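Q: Could you take me through one part of this structure up close? I'd like to see how a single piece fits in with everything around it.

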Amino acid sequence: MIPISHVFVLSGLLFSVGLLGILVRRNVLLILLSVEIMLNAASLSFIAGSSLHGEVQGQISAFFVMVIAAAEVTIGLAVAVLLFREKGAVDTNEIRWLKG
Amino acid sequence: METFLFYFFSAVALIGATFVITVSRPIRALLALIAAMFALAVIYILLGAAFVAMVHLIVYAGAVLVLFLFVIMLQGIGARDIPARARFAGGFLALSTFVGTSFFAGLIFILGTVPLPPAKGVEGPVETIGSLLFQNYLLPFELTSILLLLGVFAAIALAKKDEP
């Protein structure tokens, strides 16, 4: 039997790695990938909680997290493509000046 | 055996995630993330969530990350090597590492103060998940379909070239 607290530690580690990636990387695509890591860490902890309490509800929450991640990725990638088309760059240092 | 598999695949997932935030080419970061996703799916199965693991593989490794792959390979967004100096935001790295590690330490501290009951373990048969999803969680389920529809609209509206 897997110790559940270790699963929570793994989920926390993954979340911290994703947070670090968002703070450190400057490529928009890699920032989106780091968001994916964080979402996955959250859904891993949902599934660990489901296994801890013997309920299926946690797995359903993980399912919803997945749907939201899919929607988020579609819009994020569209924005990244648009940025690349307009400015020719996806580096956050080069897209400092926004209008409006 | 189960425990060994868990530790092995959690190591794979962690190494993959670390590669994502350190490697120089976006395409390699993406492939490392796909490896991490597969490892996570194995961990889901070990935790008794076989259905979620399969959906995870189909949606993430099959759809989301392939979408990323298309964007990187077809549009050429950041397909070049990024030199290490441009990869990380200089002196900002120390501050970010501090934020990341202190966040992790906080999580571990919270986890240490809460006593966990012994795990009951769960089998997540598809029948149970399906009936819960279409009975108790019908409204959120329908709302997610509206969310996905709006995502499609937004993506089309954003990516469409302006007509003259």
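A: Sure, let's pick helix 3 of chain B, which covers residues 50-75. Keep in mind that this is a predicted model. Start with its length: the helix has 26 residues, and at 1.5 Å a residue it should span 38 Å. Its end C-alpha atoms are 35 Å apart, so the expected and modelled spans agree. The helix isn't perfectly straight, though: there's a kink of about 30° centred on B:V66. Right after helix 3 of chain B comes B:G76, and the phi of B:G76 is positive, near 70°.

Now for the surroundings. Quite a list of residues in helix 3 of chain B is buried, including B:F51, B:V55, B:Y60, B:V64, B:F68 and B:I72. What covers them? The cover comes from both chains: it includes helix 2 (28-53) and helix 3 (57-87) of chain A, along with helix 2 (26-46) and helix 6 (126-135) of chain B.

That brings us to the place where the chains touch. Here 68 residues of chain B are in contact with 59 residues of chain A. Several helices of chain B supply at least two residues each to this side, among them helix 1 (2-22), helix 5 (92-113) and helix 7 (138-159). Our helix 3 gives the most, with 11 residues. Sorted by class, the side of chain B that touches chain A has 51 nonpolar, 15 polar and just 2 charged residues.

Finally, zoom out a little. The domain assignment of chain B gives domain 1 (1-78) and domain 2 (125-164), and 23 Å separate the centres of these two domains, taken over C-alpha atoms.

Notes. Residues are numbered from 1 along each chain as its sequence is written. Chains are lettered from A and ligands numbered from 1 in the order in which they are written. This is a predicted model: local features need pLDDT of at least 70, side-chain atom pairs count only at pLDDT 80 or more; totals for chains, interfaces and linings use all residues. Domain bounds come from an automatic or database domain assignment. Helices (H or I, at least four residues) and strands (E, at least two) are DSSP runs, numbered from the N terminus. The expected span of a helix is 1.5 Å times one less than its number of residues. The bend at a residue is the angle between axes fitted to the seven residues ending there and the seven starting there. A residue is buried if 20 or more other C-beta atoms lie within 10 Å of its own, exposed if 12 or fewer, and partly exposed in between; C-beta atoms are placed from the backbone. Two residues are in contact if their C-beta atoms, placed from the backbone, lie within 7 Å. Ala, Val, Leu, Ile, Met, Phe, Trp, Tyr, Cys and Pro count as nonpolar, Asp, Glu, Lys and Arg as charged, and the others, Gly among them, as polar.
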